[in-house]
Each structure stands twice: as C-alpha cells, then as structure tokens.
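Here are a few exercises to work through with the model open beside you. Try each task before reading its solution.

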Protein chains: 2
Amino acid sequence: MSRIGIVGLGLIGGSLGLDLRAQGHEILGIARRRTTCDRALERGIADWAGTELNRLSNVEILFLCTPIAAILPTLEQVRPHLHPDTLVTDVASVKAPIVTAATPLWPYFLGGHPMAGTEQQGVEAAQTHLFQNAPYVLTPTATTPPELTIILTSLIQQLQAQRYCCAPEAHDRAVASISHLPVIISASLIASCQQSLDAETQALAQALASSGFRDTSRVGGGNPELGVMMARYNRAALQAALDSYRESLAALSDQIEQEDWDALTAALQQTQAARPPFVE
Amino acid sequence: MSRIGIVGLGLIGGSLGLDLRAQGHEILGIARRRTTCDRALERGIADWAGTELNRLSNVEILFLCTPIAAILPTLEQVRPHLHPDTLVTDVASVKAPIVTAATPLWPYFLGGHPMAGTEQQGVEAAQTHLFQNAPYVLTPTATTPPELTIILTSLIQQLQAQRYCCAPEAHDRAVASISHLPVIISASLIASCQQSLDAETQALAQALASSGFRDTSRVGGGNPELGVMMARYNRAALQAALDSYRESLAALSDQIEQEDWDALTAALQQTQAARPPFVE
C-alpha cells in the first residue's frame with residue numbers, strides 16, 4: 001500500500017481517490033477551496049484533505065488532476081515540498097507539451113491520460129469504478145525511469161482500466177484524430193447549416209433533421225471551453241489532422257463533382273470496412 | 001375510403017399498405033416478383049397483389065415506392081393503364097429531379113417524401129406505424145392542382161405522420177444539409193484516420209476511440225450504395241452544401257492556425273447554441 005497525493009479533487013481526482021482508497025492506499029487530497037476538501041472527506045475520497053502543499057512531503061506517488069492549464073504551474077508550486085523519490089504523474093488529455101515541460105522540472109515524472117469522464121465536473125461528480133474498462137494511456141519517454149511505468153501500471157490494474165503505453169507525440173496524434181478532429185468537423189456542420197440556408201429552408205432542415213444529423217453534430221454542439229482547450233494544447237497535432245481531413249474531404253467532393261460514381265462507391269465501401277476496428 | 005395502388009412492396013410501400021388498409025382503404029399492390037406479392041397478401045399489406053399493371057386502371061391514388069432509380073421508368077410503364085384522374089405520388093428521398101421529370105408525364109403528380117425507415121429492406125421489413133410522428137414532406141409546384149395536396153394531407157394524417165409542404169428544391173437543399181452532407185463529412189473522417197496515421201498510431205487510435213468518434217463516423221460507415229444514390233440524385237444541392245461546409249471548416253481551421261482562441265470560443269459557443277433546434 002502506498003501513500004498517494006492527489007492535487008485537484010474534481011471528477012478525475014476525486015474518482016481516483018475513491019477507487020485507490022478502496023484498494024487500501026492512504027490518500028492525501030489537496031484542493032484550493034476548503035469546502036471542496038470538506039466534501040472530499042465526507043464522500044470518502046481521501047483520508048486527509050486540505051489546502052496546505054507541505055502535507056505532500058511524504059507521499060510516494062502524486063497525481064496532478066487540475067485542469068490542463070494548471071498542471072505545470074501546480075508542479076512548480078508543489079516541487080519544493082516533495083521528497084525527490086516521489087513519482088509524479090498527471091491526467092491531462094494532451095501529453096507532449098506537458099511531458100516536455102514537466103520532465104526537466106521533475107525527472108520522476110510520467111505522463112498519463114485516463115480516458116474516462118462524464119458531462120459532470122467537480123467533487124460531487126466523482127464516482128467509483130469510473131476507470132473500469134476505460135483506456136488509461138501512459139507516455140514514457142527515452143529518459144523516463146522504467147520503474148515509474150511499472151508502479152503506475154500496478155495502480156491502473158487496481159482501477160481495472162486498460163493500460164496503453166506510447167510516446168507522448170503518438171498519443172497526441174491519435175487523440176487529435178479520434179477525439180479533437182471530430183469536434184471541429186462536427187462544429188463546422190452546424191455552422192454551415194446555420195450560415196448557408198435561408199430562414200425558411202433552415203426551419204425546414206430543423207424539422208427534418210434526424211439521427212444522422214444528431215449523431216454527426218453531437219460533439220460540435222458540446223462545451224465550447226473544452227473544444228478550445230483541446231485545440232489550444234494539441235494545436236500542432238490537430239492542425240495535421242485537419243490538413244489530412246480536408247484532403248480526404250476534397251477527394252470525395254471531387255468524385256461527386258465529376259460524377260465518378262464508381263470511385264465514390266469504392267471510397268464509401270472502404271470507409272464502411274474501415275470503421276468497425278475503431279468502434280468495436 | 002379510396003382505392004389505392006402501391007407499386008413496390010418493400011419497407012416503405014409495404015408499411016404504407018399495412019397502415020392505409022387498416023384505415024379501411026382498398027389496397028392494390030404491384031411487385032415485380034410473384035413471391036413478394038404472395039408474402040404481401042399473407043402479411044395483410046394489400047387486398048390484392050400481383051404483377052399486372054393493368055389492374056391499376058381504377059385506382060384513385062397511386063404510390064410509387066420503388067427504389068429511386070426506378071420511379072420515372074415505372075411511371076412511364078404504368079401511365080397507359082391509369083385513369084386520367086388518378087393522383088400519382090412517390091416516396092423518393094430527392095424531389096426536384098423526380099418532380100421536374102414526372103410532372104410533364106402526369107399532371108396529377110405530387111412528390112412526397114416520408115422520412116421514416118429502418119436498416120432493413122424488403123417486404124418482410126414492412127411494419128405498422130412506421131410513419132407515426134415522422135415527417136412526411138409534400139413538394140407541390142406552381143402548377144400542381146391544389147386538391148392533390150388536400151387529398152394526400154388527409155392520408156398523411158391517417159398515418160399520424162407530420163406533414164410539411166415546400167418547393168422540391170427547398171426539400172433537396174434541406175436534406176442535402178442535414179442528411180446527405182453528414183454522410184460525406186463523416187466518411188471523410190474515417191478515410192482521413194485510415195490514410196494519415198502510421199500503422200502503430202492507427203492501432204492506438206482504434207483502441208482509444210470512444211463515443212465522439214463513434215457518433216461522428218456512424219453515417220460515413222453506412223451502406224455505400226445508399227450514400228452514392230443520395231449523391232447521385234441530389235448532386236447539385238449536395239455540392240452547394242459541401243462548398244458551404246468547406247468554407248465553415250476553413251474558417252475554424254484558420255482560427256486554430258492563427259491561435260485566435262477568442263474567435264474559436266465565439267464560434268463554438270455559436271454552434272452549441274445553434275444545435276438544439278435541429279435535434280429537439
């Protein structure tokens with residue numbers, strides 16, 4: 001059993017606390033607001049919870065679970081209080097910028113991304129078994145001490161999550177394609193329907209829209225701050241994904257313009273065949 | 001009560017037969033295959049079913065429910081057998097090309113599009129209440145006799161469908177935007193993920209893909225023949241929708257490239273606000 005610190009007691013940090021504490025680990029929780037700490041204690045998220053960073057001096061493992069913009073500033077703040085052997089990890093949804101900046105600050109840093117979540121946020125949203133069967137990606141680099149991966153893999157197994165290991169850049173390319181790109185192409189669908197149709201046809205389109213539009217537009221109609229955050233922190237990978245996407249779209253558009261129905265049939269047969277490995 | 005002919009006894013034609021016959025109308029069904037006719041009779045879809053077009057000589061209303069490519073050839077074939085007062089309508093998912101070509105052949109023609117369906121096809125897929133609460137669009141033109149709209153509106157009410165009336169071109173623009181465009185942009189997402197990622201990153205992307213990718217890629221991974229058929233018959237409206245979409249996508253891409261996060265936030269706030277009228 002380990003002594004584990006968690007900074008940020010929201011959905012992810014709080015859920016980690018619930019499950020890891022249930023496994024017998026001692027959980028020290030840190031939040032900026034005293035009310036959050038009190039609620040975390042009431043909910044059984046932590047054995048101790050408070051605002052004082054110096055209480056982290058004897059933790060063996062530290063999870064940084066703040067919003068992505070606060071990960072690096074938080075690491076700077078907690079660094080003077082930590083024992084040099086403390087394993088530090090984070091839960092941000094973008095890895096290369098975090099790992100590149102965090103590693104010089106703390107050599108015992110290993111980036112992580114538990115890919116679970118709900119629409120809710122905050123300490124009240126924390127729940128048990130949030131990570132069960134969900135992917136949990138670790139992103140070691142050439143300089144990451146191998147024991148960090150072993151230690152975190154053991155915790156991930158206790159969460160019953162599915163562990164994946166890859167370079168931070170590969171993680172960012174993969175999530176740009178399957179998570180961040182869909183937000184932009186889905187938002188463009190809504191924008192285009194709103195901007196290109198006259199008022200009467202738009203009202204008709206709204207009345208006639210069904211599951212095809214609903215599904216394709218869902219992530220583009222989601223939380224704007226989350227979308228901007230993804231684009232901001234994963235900009236390079238997202239731009240590359242957008243460039244590739246715009247080429248694929250241009251190819252299909254050209255087939256339609258040229259009425260090359262054989263080519264369009266072949267292309268749609270290929271996308272039909274290519275989808276199952278992503279969704280099964 | 002009317003004597004109603006239905007040519008094509010698949011999902012749509014068969015379901016129309018079931019519900020209209022239950023309302024007390026006399027249904028004469030036409031199919032190319034004798035086995036389909038027998039099955040339609042067994043299932044209670046029609047009072048009489050056969051392959052002989054001359055049996056349509058005394059129907060008052062005729063529904064053309066063949067695949068879209070067969071609508072106009074079928075109208076040419078049945079025309080010599082019909083009484084000149086017969087109201088002819090169709091159920092094709094694209095209206096302007098059909099209405100434009102059908103009206104000179106049959107002045108008592110009124111285009112229609114019941115927007116209901118399932119993944120299944122054929123006479124076995126026919127079901128009662130398929131059209132309940134679903135949109136049913138009628139597309140009269142300046143030359144359509146007004147009584148045709150009145151007569152079909154009455155039948156649509158009996159199906160408990162929601163009737164909409166608009167010009168054929170407005171229908172095609174609306175469905176291009178909310179139904180046909182999503183297929184192409186969704187297929188482009190799959191194509192791009194398949195083509196732009198190296199094998200290792202693609203395998204990772206497949207493992208990490210979750211509901212965002214699943215929903216955004218769904219219609220692009222569907223029946224290729226259906227996608228090509230939509231593009232083929234609604235090409236002009238789909239091209240216009242694609243042009244507008246590519247402009248919207250370019251605008252968001254530029255904001256990301258220029259790191260104009262205020263503009264991207266405003267754009268995503270707008271798409272978040274614009275989506276509910278389409279899906280509620």
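## Exercise 1: the sheet of chain A

Val137(A) stands opposite Tyr164(A), a residue of strand E8(A). This is a predicted model; local features need pLDDT of at least 70, side-chain atom pairs count only at pLDDT 80 or more, and totals for chains, interfaces and linings use all residues. Residues are numbered from 1 along each chain as its sequence is written, chains are lettered from A and ligands numbered from 1 in the order in which they are written, and side-chain values use heavy atoms, with hydrogens and water left out.

**Task.** Find which strands of chain A stand at the edges of the sheet.

**Solution.**
- Start with the pair around Val137(A): strand E7 (residues 135-139) of chain A and E8(A) run parallel and share four bridges. Strands count as paired if DSSP finds at least two bridges between them; strands (E, at least two residues) and helices (H or I, at least four) are DSSP runs, numbered from the N terminus.
- Next, extend the pairing: eight strands of chain A make an open, mixed sheet in the order E3-E2-E1-E4-E5-E6-E7-E8.
- Now read off the ends: E3 (48-50) and E8 (162-165) of chain A each have a single partner strand, so one side of each lacks a neighbour in the sheet.
- Finally, add the twist, which averages 20° from one strand to the next. Angles run from 0 to 180 degrees between N-to-C directions, with axes fitted to C-alpha atoms, for helices over the stretch in contact.

## Exercise 2: where the chains meet

**Task.** Describe how chain B and chain A meet: how many residues are in contact?

**Solution.**
- Count first: 84 residues of chain B are in contact (heavy atoms within 4.5 Å) with 84 residues of chain A.
- Then take the area: the two chains bury about 8000 Å² between them, 68% of it on carbon and sulfur atoms. Buried area is the accessible area (1.4 Å probe) lost on putting the two parts together, summed over both.
- Look for the leading residues: in chain B, Leu208(B), Arg275(B) and Phe278(B) lose the most area to chain A, together 10% of what that side buries.
- Turn to charges: the rule finds six salt bridges across this interface, a salt bridge being a side-chain nitrogen of Lys or Arg within 4 Å of a carboxyl oxygen of Asp or Glu. Asp215(B) forms a salt bridge with Arg218(A), their closest N and O atoms lying 2.6 Å apart.
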